[in-house]
Amino acid sequence: MCFFAGKQKPTTGVIAGTRDGLSSESISRFLVPASECEFVLNSVIEELQKDPWHIPADQRASRCTGAALSVAASLLGVCVPGSGARIMAFVGGPSTEGPGSIVSKSLTEPIRSHKDLDKDSAPLFDKAVKFYDQIAKQLVHQGHVLDLFACAVDQVGVAEMKVAIEKTGGIVVLAESFGHSVFKDSLLRIFQSADNGLGLSFNGILEINCSKDVKIQGIIGPCSSLEKKSPLSADTVIGQGNTSAWKMCGLDKKTSLCFVYDISRKVGPDTVAQQTGEQLYLQFVTYYQHHEGQMRLRTTTISRQWASGAATVQELIDGFDQEAAAAVVARLVSFKMETEADFDPIRWLDRALIRLCTKFGDYQKETPSSFSLSPRLSIFPQFMFNLRRSQFVQVFNNSPDETAYFRMMLERENVGNAVAMIQPSLISYSFQSGPMPVLLDATAIAPDKILLLDSYFSVVIFHGITIAQWRKAGYQDQEGHEAFAQLLKAPHDESDAIIKERFPVPRLVVCDQYGSQARFLLAKLNPSVTYNSDNPAPGGDVIFTDDVSFEVFMDHLQRLAVQ
């Protein structure tokens, strides 16, 4: 790009814009304020046409996504290093040329699946991940963010790009096409005004200080380790570790990180006496560029007593947050599935749950019927049951791109949203009562009810068969049936409110009992009524599955916990 035409390019250090002898004229050849180029930019976008080049019927289109992102990263690195900037990639298909390509042009070669990745028969995968890891390092060094909008029916390489998006704290939106509401509405949300906008901020640095008996293993979430070794770093590393400072190139109002600590203090019978009443503290210091432009420093310090002595178990139970615990376990299991070869997630989750129930449950040894859990722990087994069946653990029926997308969202969202991903909420609407939450169970389906399922990525409005027949007959438009019209409208109002609040915008599915789209609801329900059941309830639904139901799961758990 002739930035250093006739000049000596500096050999060391970051080449940082104007201060390293780059004239502002040479920068403005490529980057100018939006106000100065609004007309040109709009004309360019309006005049964009589909590539007229003929693509042979047996080949994929030529696409060099990796090379384009590499150019964009280098351009920002030369012109505006260290100041907030994002690269937005709108990708409509797989990369087939140059570095970071994920598949060859020939359509006879299918795009990699989970099976190919397990068998190591995706030759381009590791090379592409390595390439995007280099881009990630470059962007983190420059303080810039990579966002991805992947809009295609086929895979585009989200699994390969995941490392660069995650380490820079970028946004990812996955939709079926650029015409889909999921893409259009999500893109609008990014440019919304500050009040209901995302609050996109830049160039954060997060540091942790804590008591000497606590060590930091790492962070699972959208950040990158600054490799700042300190006495606080634990020997084992989980996620982004080996440091007490992290770079967050992009962060917003909802960015949530999961910190994994290790307790290094020795606890024995003789140490109990001196520890009573002793405090430990954790401090989080975040320095970042706010979306209004100013630099902000936010410090949060929390402290609590070490649990000790006879009351330890009760103290730990009283402080246990089962929703936060479910979100943490989900991040841990996703991380292990991606980084450990031959990791068995189901077995790991089951063993962790049995250990928890054995230690904190109330029971008489060898008597499963006597088993009970404190209300602070009682929903946790249900979260684990649903996590085992969720798209984070069961990759069957999902492409590597979808799995990477689901895990990236899980690893950046707050506890409330993570719980909705693991165990969707279900609300029932009927003539008899107002909207009420119901159990995520096959028995919730009834012909005269409407169900609203919120699984974070999609919102499903499910009409029972009787309601669907009345709606098709048009009763809601007739006089005297205002209550029915109101019943039909209520779940739509609720779903509109959910969609308005959420980013990326979820997919809305409206379906009827026994219709093909009903699968979006049935797949999430506890299969308490299956084709093997003796007497299914009339008007309900039967789920065709060999999965165990929650009741069977709990029976087994109680039997193993009291052994």
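# Exercises on a predicted model

Cys79 is buried, with a relative accessible area of 6%. The model is predicted.

**Exercise 1. Cysteines**

Task: Classify Cys79 as buried or exposed, then find how many disulfides the model has.

Solution:
- Step 1. Buried means under 20% relative accessible area. Cys79 is at 6%, so it counts as buried.
- Step 2. Cys258 is buried too, with a relative accessible area of 6%.
- Step 3. Take the sulfur of Cys258 and look for its closest cysteine sulfur. That partner is in Cys223, 10 Å away.
- Step 4. A disulfide needs two cysteine sulfur atoms within 2.5 Å. At 10 Å, the sulfur of Cys258 is too far from that of Cys223 for a bond.
- Step 5. Over the whole model, the count of disulfides is zero.

**Exercise 2. The nonpolar core**

Task: Find which residues touch the most other members of the largest nonpolar core, then list the contacts of Leu387.

Solution:
- Step 1. The largest nonpolar core has 69 residues.
- Step 2. Leu148, Phe380, Met384 and Leu387 touch the most other members.
- Step 3. Set aside the neighbours of Leu387 within four places in sequence. Leu387 is then in contact with Val329, Ala330, Val333, Leu349, Phe392, Val393 and Ile422.
- Step 4. Carry Ile422 forward: this contact of Leu387 is one of the buried residues of helix H14.

**Exercise 3. Helix H14**

Task: Decide whether H14 is mostly covered or mostly open, and say what covers its buried residues.

Solution:
- Step 1. H14 runs over residues 415-422. Six of its eight residues are buried, and the helix is mostly covered.
- Step 2. The buried ones are Asn417, Ala418, Val419, Ala420, Met421 and Ile422.
- Step 3. The cover includes three helices: H10 (322-339), H12 (380-389) and H13 (400-410).
- Step 4. Strand E13 (450-454) is also part of the cover.

**Exercise 4. A cavity**

Task: Find how many cavities of 30 Å³ or more the structure holds, and what lines the largest.

Solution:
- Step 1. There is one cavity of 30 Å³ or more.
- Step 2. The largest cavity has a volume of about 60 Å³.
- Step 3. Its lining comprises Ile165, Glu166, Gly169, Gly170, Val172, Pro222, Met408, Glu411 and Arg412.

**Exercise 5. The annotated domain**

Task: Describe residues 435-521 and place Leu488 in its helix.

Solution:
- Step 1. An unreviewed UniProt entry gives residues 435-521 as "domain: Gelsolin-like".
- Step 2. The span is 37% helix and 22% strand, and its end C-alpha atoms lie 18 Å apart.
- Step 3. Leu488 sits in helix H16 (residues 482-501). Leu488 is buried, at 10% relative accessible area.
- Step 4. Beyond four places in sequence, Leu488 touches Ile450, His463, Ile467, Arg471 and Gln476.
- Step 5. Ala468 is 20 residues from Leu488 along the chain; their C-alpha atoms are 9.8 Å apart.
- Step 6. Past H16, check Pro504, in the loop leading to strand E15 (507-512). The peptide bond from Phe503 to Pro504 is cis, with omega near -10°.

**Exercise 6. Positive phi**

Task: Compare where Asp120 and Tyr514 lie, and say whether each is buried or exposed.

Solution:
- Step 1. Phi is near 60° in Asp120 and near 70° in Tyr514. Each value is positive in a residue other than glycine.
- Step 2. Asp120 is in the loop between helix H4 (114-118) and helix H5 (123-142). Tyr514 is in the loop between E15 and helix H17 (519-522).
- Step 3. Exposed means over 50% relative accessible area. Asp120 is exposed at 67%, and Tyr514 is exposed at 53%.

Technical notes: Residues numbered from 1 in each chain as written. Predicted model: local features only at pLDDT ≥ 70, side-chain atom pairs only at ≥ 80, totals over all residues. Heavy atoms only, no water. UniProt positions renumbered as here; feature names shortened; annotations may be inferred. Helix = DSSP H or I, 4+ residues; strand = E, 2+ residues; numbered from the N terminus. Buried < 20%, exposed > 50% of the residue type's maximum accessible area, 1.4 Å probe, protein only. Core = buried A, V, L, I, M, F, W, Y, C linked by side-chain atoms within 4.5 Å. Contact = heavy atoms within 4.5 Å. 1 Å grid on protein atoms, 1.4 Å probe; cavity = no way out; pocket = protein on both sides within 12 Å on 5 of 7 lines; lining within 4 Å. Points joined across faces, edges and corners; volume = space filled by probe spheres on them.
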